[in-house]
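Hi,

Here is the structure I said I would pass on. Have a look at it first, and then read my notes underneath.

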Amino acid sequence: MVRDAYKTILELTTEGRALASKWAESDEPDWRAVAKNREALLYFIKKKVHYWTSNPENRLLNEEAAWHRRRGWLDVVRCLEKHGTVLAASRELSLDWETFNRLRKTQIAAREGRVLTRKTDPTYNSWYRDARVMDKFKLFEDIGFRGGGSRFDGPDLQEILKSAIDFQLSGQCYPLPRKRATFEQRFQRKRPPLLKDTRGKTILFVDQALFALPLNFVGQYRNVSNEWAVLKPDQIIHWLHGHNNKISVFERFGIVDKRNGRTASFTSHQLRHWLETQYHKGGMSDAQIATLMNRTTTKSNSIYNQMTNAERRQTIQNGIRDDTISGHVANILKRADLTRAEAEAYLAMQTRQVNVMPHGLCLKDLASEPCPHHLSCFAVERKNSETAGVCTHLLVDQTDEVEITELRRQAGHAKAMAEMLEDDPELDSSPQIKHFRRVESAIRSILDRRKNG
């Protein structure tokens with residue numbers, strides 16, 4: 001994964017595309033074996049330094065942008081030309097005036113073929129603190145010897161690293177050493193076989209297996225030996241989101257969220273939210289979603305459902321058209337005196353606001369006006385009638401088992417309350433009996449429609 005991302009960066013320029021093919025042709029050696037041969041070690045280090053300095057992201061002399069040690073490359077000159085004033089340009093790049101002017105001078109100097117620094121005579125040690133320069137610590141970490149790489153240090157190695165800086169300061173890359181075929185063949189990193197056929201021929205190497213990587217390849221220590229391991233979930237999480245002051249893959253490669261202009265971020269838990277939202281959009285019931293998400297109840301489903309109001313409205317409208325959602329609004333659409341255009345306009349108007357409840361969907365805009373029935377959806381008084389009915393703002397999804405189960409529960413509760421009051425001689429004339437009978441009757445009318453439909 002890291003190598004693929006590296007190739008993507010290289011392909012940003014014509015020079016980078018040529019380097020990408022070189023990288024593909026020249027795989028890294030078995031560094032543990034190379035470390036035992038000083039001549040071979042220096043040969044392969046020269047190759048690594050060549051590819052490092054050839055990476056456009058590691059240039060010290062860049063006419064196209066100036067380097068900011070925390071933000072990376074910023075094209076301050078072009079931004080200034082775009083806005084015309086330092087104030088406007090610095091605001092767009094979120095830089096103070098002093099930093100903006102320093103970067104502008106650096107980029108102008110690069111266009112003149114010079115590397116502008118704060119010091120009049122910077123030393124090699126001062127350059128080693130620059131992220132674009134390869135020092136011995138970066139080198140040892142990259143080849144998998146971060147803990148014990150100091151034993152490879154020496155004047156010959158330091159000379160290579162200093163020479164690389166000189167080439168970078170002149171706008172060039174460190175030269176690729178003459179190919180040593182014996183070293184390339186002798187120290188080629190072997191790929192352990194994972195599967196063999198009946199004749200002993202390898203048919204699958206370990207690096208071709210799904211979720212198999214060199215040991216610690218995406219962790220803190222990168223080991224490029226013959227040791228392999230299965231990629232663990234926490235490694236993916238840390239790679240995506242960062243861990244213990246380690247930057248995420250989005251920060252490393254400057255991937256920006258176009259919605260807010262900030263560095264993109266992603267956690268594994270966000271994937272859970274996304275999956276559940278897709279389940280809701282696809283029409284799965286709450287009971288099915290709870291089962292898939294390994295929940296004992298459906299109460300947490302709504303927390304993870306991130307459908308927008310527009311998506312909820314579309315789902316409801318489709319359900320009404322398909323006659324799977326019942327209610328006053330759905331019944332009006334069946335009137336013969338309404339044209340298709342009038343019906344669609346009425347449907348769009350009535351579904352502007354959606355409130356999700358355990359027993360259905362309320363289309364009343366409760367933010368601008370309180371519920372006129374005090375949240376009693378099944379005991380709404382009707383004019384010139386002693387009976388009560390279902391609120392006109394209520395819709396019930398006849399295919400949602402969770403809603404239907406809740407309706408059955410409320411009907412049973414209303415029936416039990418009415419019978420309890422009727423059995424008490426002191427309460428047998430209570431108006432609450434009539435209320436609970438109305439609730440039971442209204443809910444039964446919904447359930448009967450589902451049974452007969």
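Let's start with helix 4, which is mostly covered: of its 17 residues, 13 are buried. This is a predicted model, by the way, so keep that in mind as you read. Helix 4 runs over residues 38–54, and at 1.5 Å a residue it should span 24 Å. The C-alpha atoms at its ends are 24 Å apart, so the expected span and the model agree. At the start of this helix, Asn37 has a side-chain oxygen that comes to within 3.2 Å of the backbone nitrogen of Glu39.

Now zoom out for a moment. The protein has 21 helices and 12 strands. It has 453 residues, and 39% of them are buried. If you take the contacts with a separation of 6 or more, 55% of them join residues that are 24 or more positions apart.

The part I spent most time on is the pair formed by helix 6 and helix 7. A quick bit of background: two packed helices are described by the angle between their axes and the distance between the axes. Here helix 6 covers residues 86–93 and helix 7 covers residues 97–111. Their axes come within 10 Å and cross at roughly 95°. Angles of 65 to 115 degrees count as roughly perpendicular, and therefore helix 6 and helix 7 are roughly perpendicular to each other. On the helix 6 side, the contact is made by Val86, Leu87, Ala89, Ser90 and Leu93, while helix 7 brings in Trp97, Phe100 and Asn101. What kinds of residue are these? In this contact of helix 6 with helix 7, 6 are nonpolar, 2 are polar and none is charged.

Between the two helices there is a loop, and Ser94 is found in it. Is Ser94 buried or exposed? Its relative accessible area is 59%, so Ser94 is exposed. Check its backbone too: the phi of Ser94 is near 55°, which is a positive value in a residue other than glycine.

Next, follow helix 7 from one end to the other. Asp96 caps its N-terminal end, with a side-chain oxygen 3.1 Å from the backbone nitrogen of Glu98. The 15 residues of helix 7 should span 21 Å at 1.5 Å a residue, and its end C-alpha atoms are indeed 21 Å apart. Its buried residues are Thr99, Phe100, Leu103, Gln107, Ala109 and Ala110. What do those buried residues pack against? Their partners are strand 1 (66–68), strand 2 (72–74), helix 5 (76–83) and helix 6. After helix 7 comes Gly113, which has a positive phi, near 85°.

Two single residues are also worth a click. Ser126 sits in helix 8, residues 124–128. Its relative accessibility is 16%, so Ser126 counts as buried, the cut-off being under 20%. The side chain of Ser126 reaches the backbone oxygen of Thr123 at 2.6 Å.

The other one is Glu440, in helix 21 (residues 431–452). With a relative accessible area of 12%, Glu440 is buried as well. Which residues does Glu440 touch, leaving aside its neighbours within four places in sequence? Glu440 is in contact with Ala411, Ala414 and Lys415.

That's everything from me. Have fun with it!

Technical notes
Residues numbered from 1 in each chain as written. Predicted model: local features only at pLDDT ≥ 70, side-chain atom pairs only at ≥ 80, totals over all residues. Heavy atoms only, no water. Axes fitted to C-alpha atoms, helices over the stretch in contact; angles between N-to-C directions. Helix = DSSP H or I, 4+ residues; strand = E, 2+ residues; numbered from the N terminus. Parallel < 35°, antiparallel > 145°, perpendicular 65-115°, else oblique. Contact = heavy atoms within 4.5 Å. Nonpolar A, V, L, I, M, F, W, Y, C, P; charged D, E, K, R; others polar. Buried < 20%, exposed > 50% of the residue type's maximum accessible area, 1.4 Å probe, protein only. Expected span 1.5 Å × (residues − 1). Polar contact = N/O pair within 3.5 Å; in protein donor to acceptor, adjacent residues only side chain to side chain.
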